[in-house]
Amino acid sequence: MDILPILSTLRRHKITALLVILEIALTCAIVCNAVFLVSQRLERIHMVSGVAEHELLEVELANIGPKADDSARTAEDLAALRQIPGVTSVASVNQLPFANSSNNSGIKIDRKQNKSSLNATTYYGENIADTFGLQLVAGRFLKADDYVDIDTAKKAFVAGDAKGLPKNTVITLAMAERLWPGQQALGKQIYMGNDLPLTVVGVIKNLVRPSIWDDATAQYSMLVPIQVSDGVYAIRTAPQERDRVLKAALEKLKQANPHRVVLQKRTWDEIREKFFQNDRAMTGLLVGVCVALLVVTALGIVGLGSFWVAQRRRQIGVRRALGATRGNILHYFQTENFLLATIGIVLGMALAYGVNLFLMVHYELPRLPVMYLPLGAVVLWLIGQVAVLGPAMRAAAVPPVVATRSV
Amino acid sequence: MFGYYLNLALRSLNRNKVLTALMVLAIAVGIGASMTTLTVMHLLSGDPVPTRSGTLFYPQIDPVTVDGNHAEPLDVMDYHSAVDLWHAQRAERQAMIASSTIKLRAPDVNLPPLMMPMLATTADFFPMFDVPFQYGSAWQAQDDEHRARVAVISAQLNDKLFGGANSVGRTLRLRDTDVRIVGVLKPWRPSPQFYSVAGGRFAHGNTADYYSKPEDVYLPFFSGLEINAGSFGVFNCWRVPDDYAHLENAPCSWISLWVQLGSSAKVSDYARFVADYAAQQKALGRYTHAENTRLRSLMQWLDYNRVVPSDVRLQTWLAFGFLGICLFNTIGLLLAKFLRRAGEMGVRRALGATRGALFAQCLVEAGLIGLLGGLGGWLLTLMGLWLVRQQPAVYADLAHLDMAMFLITFVLAIAVSLLAGVLPALRASRVAPGLQLKTL
């Protein structure tokens, strides 16, 4: 196929050609970035939590009434929950991953540091590691004798009495890497808040935070050996037992004290689902916009293609009369579209890069990976070819006899 | 002449229905997408108290005594600073705010206890923010000091508990305390829930929660603190507090203060008053960063917190990119349409029509396409907003088309189509009559 005659024809239809090019360029730029955004959201939705996802249940009760008997009541609740057949582990915790609370603390590695090294989520609650199903990579989990009651700890803290304070902690691998890059974290000391020293006795693979402001710090979590009575219970059971166990748990808790208000009763899968619902809605929207954009662009190519074919009916007839085959005519229009699409794609890639720069500045997005550009190019080439096929076939169907009429 | 052009345009649109439909569809889809996101943007970035937002101010002080980041003062205040500033009564009106969740039931209504969001605030809250009442009224200023056991409830709670009847004078049991209802609000849904906006600078654009519904129970500030002690949310503690249940003396920030100041002189007076207060507290040894004070206006405060969620802003950009593509598409199709009628144009030119007349005729046709596209765009916008309402976002219930946005839909559609029509119309009106007549 000769490209030169096509180019010389296009030179005579500069504006129309330019419009097709611009439309393809803009579509390319937006679709590349939108698909990138979608992949970012999908990656976020599949964020590793570090817990036994399909085995966890949460029941949250409003703790109302005199504070004094909270810990006794919590112990009763835990004992009752443990009796339910199928329950493998129970813990009274301060918060659950992805549950949208935010109990955090600044962490220093040197007491004299001016600013905290990082901000980490503090998970409290005896038996939390077993119940969450956390994975240890070094050291040990917290043991029963590490734990102190929260009220005791507070009093000890105010009195400056080291005896009643927690001494050990378990941190995530991500946090250990950030605090001591390339070093062994076990045995090292960190300072929680301003002056509570804790020794790292264990490192866990993953444990995600309940609220995430910045995905880079999503895994900055630590276990602190403090017993809490906030009325938040995490229950672990086999996946197929969850419905039954949840129902039984509510019944048991109601029996223990019928006046409490149940704030939450759900599986951890539901917590995860809810946490990412905005990301999921945004993903759907972006996919919808991409499809709509590609359809509109394809329709534009069909419209302009048809116009072009109608305009050149006579030329096509002449070419056919002079011996061009139907295939030649078909290829002519296909090549023309390919040329326009290619120019559009080249322009579009530059534009895509520009849009990405804008998003990086304003929306904290990473740089667009280079692989999205050829992917976008292939998609647009395909769409262009599919869209032009109809008009091109109509052009190929023009009979040579047209050339003889009313020249 | 306009009527004649309109007639011509209608005929022309009728001649090639597929091309017309494509153009109308392109504009409708582009307008539908951009108006949906623009409406959401308009609803989320609007002025929550249009009657007096210019007179509302948000003072900030820096009570943090530990080292660290002191570039900006904390977003909310500690108890002592807030109460001191409120007590001074230096502004026309002032309201303190602290929020929590409270267990409540109506003793004479047979419903299980509910957990409801409660706002502890002072009497000025209602007149200051122009909160509308359905029954009764706000409590009196002395009720704040006397820790009166009274409450104002939302229309939704009144519907839920009392079936919408006038419940003024009835009793509500909050935890273990009975309070008397003195007022019931009309449905009130400021967007955003401006008075509790704080911490936007840490939110990384995830600010959808600023659009939550207002609280259901309002209590006089000190009564609320007493009744629901231990349940109040804390913004930040710079040292470990001795007792989370009683935050009055804790090194924590958890109370917002809003003031109303009617003139710029009063604003600068108040700013000086806050600065003097901070300096005095430093002299007393309570503050270490006294110079770190701010007095932002309501709209400045919302801007500072970047209240519009970044996803919504992103969607708006996306929609306008989309509209741009639809615009290019329409230019191309209009070009095709007008050039195809070069013969007709040639005849009109030969019969004496000026270039301007042809240009005007083409633009009328483009405008008509825009009007049809606007109609389709309006329907698609309604559908788009319906889709937004199905989303899980907290602001979903706000997404409705108001009169202004309805009109903007059509203005935008016609403007876009006229813009798209300029180039094709210029080309078409430049047709050489002789050349065209020859080919007829």
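Start by selecting B:Pro190 and whatever sits around it: skipping neighbours within four places in sequence, B:Pro190 is in contact with B:Pro48, B:Val49 and B:Pro214. Keep in mind as you click around that this is a predicted model. The proline belongs to a loop of chain B, the one between β7 (177-185) and β8 (217-220). Buried or exposed, or something in between, for B:Pro190? It counts as partly exposed, because it has 18 C-beta neighbours inside 10 Å, and a residue needs 20 or more to be called buried. For a sense of distance, draw a line from B:Pro190 to B:Leu412: they are 222 residues apart along the chain, and their C-alpha atoms are separated by 27 Å.

**Chain B, whole**

Now colour chain B by secondary structure. You should find 14 helices and 12 strands. Turn it along its principal axes and the C-alpha trace spans about 95 × 55 × 35 Å. The radius of gyration of chain B is 30 Å, whereas a compact globule of 440 residues would come in near 22 Å. Buried residues account for 48% of the 440 in this chain. Of the contacts in chain B with a separation of 6 or more, 79% are between residues 24 or more positions apart.

**Chain B, piece by piece**

Select residues 2-15 of chain B, which is helix α1. Its 14 residues reach 20 Å from first C-alpha to last, close to the 20 Å expected at 1.5 Å a residue. How many of the 14 residues in α1(B) are buried? The count is 1, so by the cut-off of 20 or more C-beta atoms within 10 Å this helix is hardly covered.

Next, select residues 20-200 of chain B, which UniProt lists as "domain: MacB-like periplasmic core" in an unreviewed entry. That span is 29% helix and 26% strand, with its end C-alpha atoms 47 Å apart.

The unreviewed UniProt entry also gives "transmembrane region" for residues 21-44, 317-336, 357-383 and 403-426 of chain B. Try two of those in turn:

- Residues 317-336 of chain B are 100% helix and 0% strand, and their end C-alpha atoms are 29 Å apart.
- Residues 357-383 of chain B are also 100% helix and 0% strand, with 39 Å between the end C-alpha atoms.

**Over to chain A**

Hide chain B for a moment and show chain A, with its 12 helices and 13 strands. Its C-alpha trace spans about 105 × 50 × 30 Å along the principal axes. A compact globule of 407 residues would have a radius of gyration near 22 Å, but chain A comes out at 33 Å. Buried residues make up 41% of the 407. Among the contacts in chain A with a separation of 6 or more, 82% join residues 24 or more positions apart.

For a sub-selection, take residues 291-399 of chain A, annotated by UniProt (unreviewed entry) as "domain: ABC3 transporter permease C-terminal". This part of the chain is 85% helix and 0% strand, and its end C-alpha atoms sit 36 Å apart.

**Where the chains meet**

Bring chain B back and select the contacts between the two: 42 residues of chain A are in contact with 42 residues of chain B. On the chain A side, α2 (14-45), α5 (150-159) and α9 (277-311) each supply at least two residues. Which helix gives the most to that side? Pick α9(A), with 16 residues. Colour the chain A side by class and you get 26 nonpolar, 10 polar and 6 charged residues.

**Into the nonpolar cores**

The largest nonpolar core has 93 residues, and the ones touching the most other members are A:Ile24, A:Cys28, A:Ala29, B:Ala26, B:Ile27, B:Phe322 and B:Cys326. To highlight helices that each supply at least two residues, select α2, α9, α11 (326-363) and α12 (372-396) of chain A, then α2 (17-44), α10 (310-340), α12 (355-390) and α13 (403-429) of chain B. The largest share, 16 residues, comes from α2(A).

Zoom in on A:Ile24. Leaving aside neighbours within four places in sequence, A:Ile24 is in contact with A:Thr297, A:Leu340, A:Ala341, A:Gly344, A:Ile345, A:Gly348 and A:Leu380.

Last stop: apart from the 93-residue core lies another core, of 90 residues. Among its members to select are B:Ile97, B:Val197, B:Trp254 and B:Ala399.

How values were computed: Residues are numbered from 1 along each chain as its sequence is written. Chains are lettered from A and ligands numbered from 1 in the order in which they are written. This is a predicted model: local features need pLDDT of at least 70, side-chain atom pairs count only at pLDDT 80 or more; totals for chains, interfaces and linings use all residues. Helices (H or I, at least four residues) and strands (E, at least two) are DSSP runs, numbered from the N terminus. The expected span of a helix is 1.5 Å times one less than its number of residues. A residue is buried if 20 or more other C-beta atoms lie within 10 Å of its own, exposed if 12 or fewer, and partly exposed in between; C-beta atoms are placed from the backbone. UniProt positions are given in the numbering used here, feature names are shortened, and annotations may be inferred rather than shown by experiment. Two residues are in contact if their C-beta atoms, placed from the backbone, lie within 7 Å. Ala, Val, Leu, Ile, Met, Phe, Trp, Tyr, Cys and Pro count as nonpolar, Asp, Glu, Lys and Arg as charged, and the others, Gly among them, as polar. A nonpolar core is a set of buried Ala, Val, Leu, Ile, Met, Phe, Trp, Tyr and Cys residues joined through C-beta atoms within 7 Å. The radius of gyration is taken over C-alpha atoms; the globule rule is 2.2 Å times the number of residues to the power 0.38.
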